[in-house]
Amino acid sequence: MKWLDALGRLYEKLRPAILILILLLLIAGSMTVFLWATGPHGIGVRSDSVAYLWSSENLAKGIGLGRLNGLGEFRPMTHWPPLYPFLLALPQWFGLNSLSAARLLGAVSISLMVLLFGMSISRLTQGSPWYTGLGTLVLVTSYAMWDTSLYAMTEPLYMILGLLAFLLLDNYLCSSKRTWLYVASLVLGFGLLTRYAGGALILAALLALLIQPGQVFRQKVKDLLILLLISVLPLALWTIRNILLADTATNRYIEFSSISAEEWLNLKNLAVGWLLPVLKISEVNSPRLLMIVLAAVVLAWFTGRVKGPKQEKPTRLWIIFLLYSFSYAGYILFSKLLFDKTIPLGEERIFLPFYATMLMLVVYGLFLLEKRISNRPYLRITLICIYVLVATGFVRGYVQATASYANLSNEKGLGLANESVTGLEIIPVINDLPSGPVIFTDDLEILYFLTGRHSFQINEVTPDEIQKIKEFMELRGVYLILFGKHELGEQLKTGVPELEIIYSGDDVIYSGGRLP
């Protein structure tokens with residue numbers, strides 16, 4: 001049938017345009033959902049988000065990258081890498097506030113993530129619009145993607161830099177042009193300045209260079225040194241700055257802690273949640289199933305009649321992704337065991353890099369399988385039908401959870417930006433307190449986010465803390481603001497009987513010493 005052959009040839013000519021159109025639609029849809037979800041209450045805020053916002057505000061004011069303590073003294077930021085708060089400060093120099101800057105950066109970030117997901121899948125599948133479209137759609141609708149994107153956190157920027165670095169590294173592995181290696185190494189360095197988990201990016205890149213076939217060992221050693229030196233240099237400069245200003249490199253120390261059974265259960269539930277939407281396939285009714293099968297058959301028929309252009313050099317991106325997925329998972333577990341026991345293994349945002357790379361590898365595996373059976377049309381059509389059906393099930397399952405999450409963000413806000421937090425009865429009371437006395441609190445992030453007040457953190461009763469409170473009571477007076485932790489207040493009052501309750505409810509305020 002000549003007309004079918006003509007349609008097949010037309011499809012091949014239009015493949016790049018179709019691919020671009022699909023990605024543009026997915027980008028536009030994602031940005032629309034993001035702007036809608038963050039419209040009324042702004043972008044979601046976690047406790048770490050406050051540290052980024054706070055530091056960016058001080059940087060924009062010329063104070064420096066860090067925050068102020070209860071006396072208004074500057075404390076440089078060392079616990080977190082600096083790139084994200086630095087980018088948040090840029091729009092503030094042009095008049096935006098920190099939350100608006102975070103929302104702007106979030107909108108740009110989700111667009112770039114969708115673009116880079118699509119570019120990665122497209123490279124793995126030799127520019128196939130339908131593999132790229134369906135694979136990217138599954139990622140875009142996933143709950144993990146939106147739990148990461150709807151908060152003012154570093155993970156979206158980290159994903160962008162990681163994907164970009166791997167695409168650039170793949171260019172080098174396929175062309176041997178050193179310019180790609182230099183640029184990829186620099187982007188990896190920026191990734192490490194976004195999250196310390198960027199060490200997994202560098203490890204995967206080094207391993208990819210090490211196992212690159214067709215290169216002499218001397219050449220590999222040179223490449224390894226180039227990538228290592230360039231990618232680690234930004235972090236080295238950052239740690240030198242920290243040591244000079246705060247006598248610590250990253251405010252993290254080796255402290256072994258075991259992973260509890262509850263954390264392992266959370267991790268298991270997280271993985272099950274990624275796969276659970278496949279059950280949505282059983283909910284597909286007969287008319288919808290018929291439409292899916294017909295679409296898959298037509299797609300398989302047209303895309304199989306004319307062979308697309310072969311890649312001159314096969315991509316090595318799949319090897320990089322495979323190395324990275326295991327490097328990242330190992331890096332997170334290693335960090336939790338030795339450096340940061342507070343890493344929440346059950347949160348989607350923590351394991352989005354692992355989930356996304358594994359999903360793209362699955363799409364790549366299906367693409368390879370289809371190519372192997374390209375001469376068996378009925379088997380090929382069956383495979384594509386199954387792929388479209390499974391992908392549709394995942395999308396339907398993900399959309400329900402994601403839509404509910406985005407709707408919560410739109411109606412009430414997320415994290416500290418939730419109206420249940422921003423509407424706390426204690427807030428106007430705190431705002432009415434005079435500015436002279438020193439404030440102590442059990443949650444300085446939420447206090448600063450809600451009221452802009454600076455404070456000293458206090459989480460437990462120790463002789464040093466009691467002595468510190470007494471000294472400030474004599475000098476300037478003290479307010480002790482506790483969010484829901486009445487037991488801590490009672491313990492402190494036992495050590496400092498002069499403290500008096502001036503506000504009590506779900507939260508509590510004590511005062512003592514020389515007050516205005």
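Trainee: In this predicted model, does arginine 67 count as buried, partly exposed or exposed, and which value decides this?
Mentor: Buried would require under 20% relative accessible area, and exposed would require over 50%. Arginine 67 therefore counts as partly exposed, because its relative accessibility is 24%.

Trainee: Which side chain does arginine 67 meet in a salt bridge?
Mentor: The two partners lie in distant parts of the chain, 378 residues apart, with arginine 67 in strand β1 (residues 66-68) and its partner in helix α18 (residues 444-451). The N to O distance in this salt bridge is 3.2 Å, which is within the 4 Å that the definition of such a pair allows. The partner of arginine 67 is glutamate 445.

Trainee: Is glutamate 445 buried or exposed?
Mentor: The cut-off for buried is under 20% relative accessible area. Glutamate 445 has a relative accessibility of 14%, so this residue counts as buried.

Trainee: Which residues are joined into one network by salt bridges that share partners?
Mentor: One of the pairs is glutamate 347 with arginine 349, whose closest N and O atoms are 2.6 Å apart. Glutamate 347 counts as partly exposed at 25% relative accessibility, whereas arginine 349, at 8%, counts as buried. Through shared partners, the salt bridges join into one network Glu155, Glu347 and Arg349.

Trainee: Where does helix α14 bend, and by about how many degrees?
Mentor: Helix α14 covers residues 348-372, and its 35 Å from first C-alpha to last is close to the expected 36 Å. The helix nevertheless has a bend at phenylalanine 354, of about 30°.

Conventions
Residues numbered from 1 in each chain as written. Predicted model: local features only at pLDDT ≥ 70, side-chain atom pairs only at ≥ 80, totals over all residues. Heavy atoms only, no water. Helix = DSSP H or I, 4+ residues; strand = E, 2+ residues; numbered from the N terminus. Expected span 1.5 Å × (residues − 1). Bend = angle between axes of the 7 residues up to and from the residue. Buried < 20%, exposed > 50% of the residue type's maximum accessible area, 1.4 Å probe, protein only.
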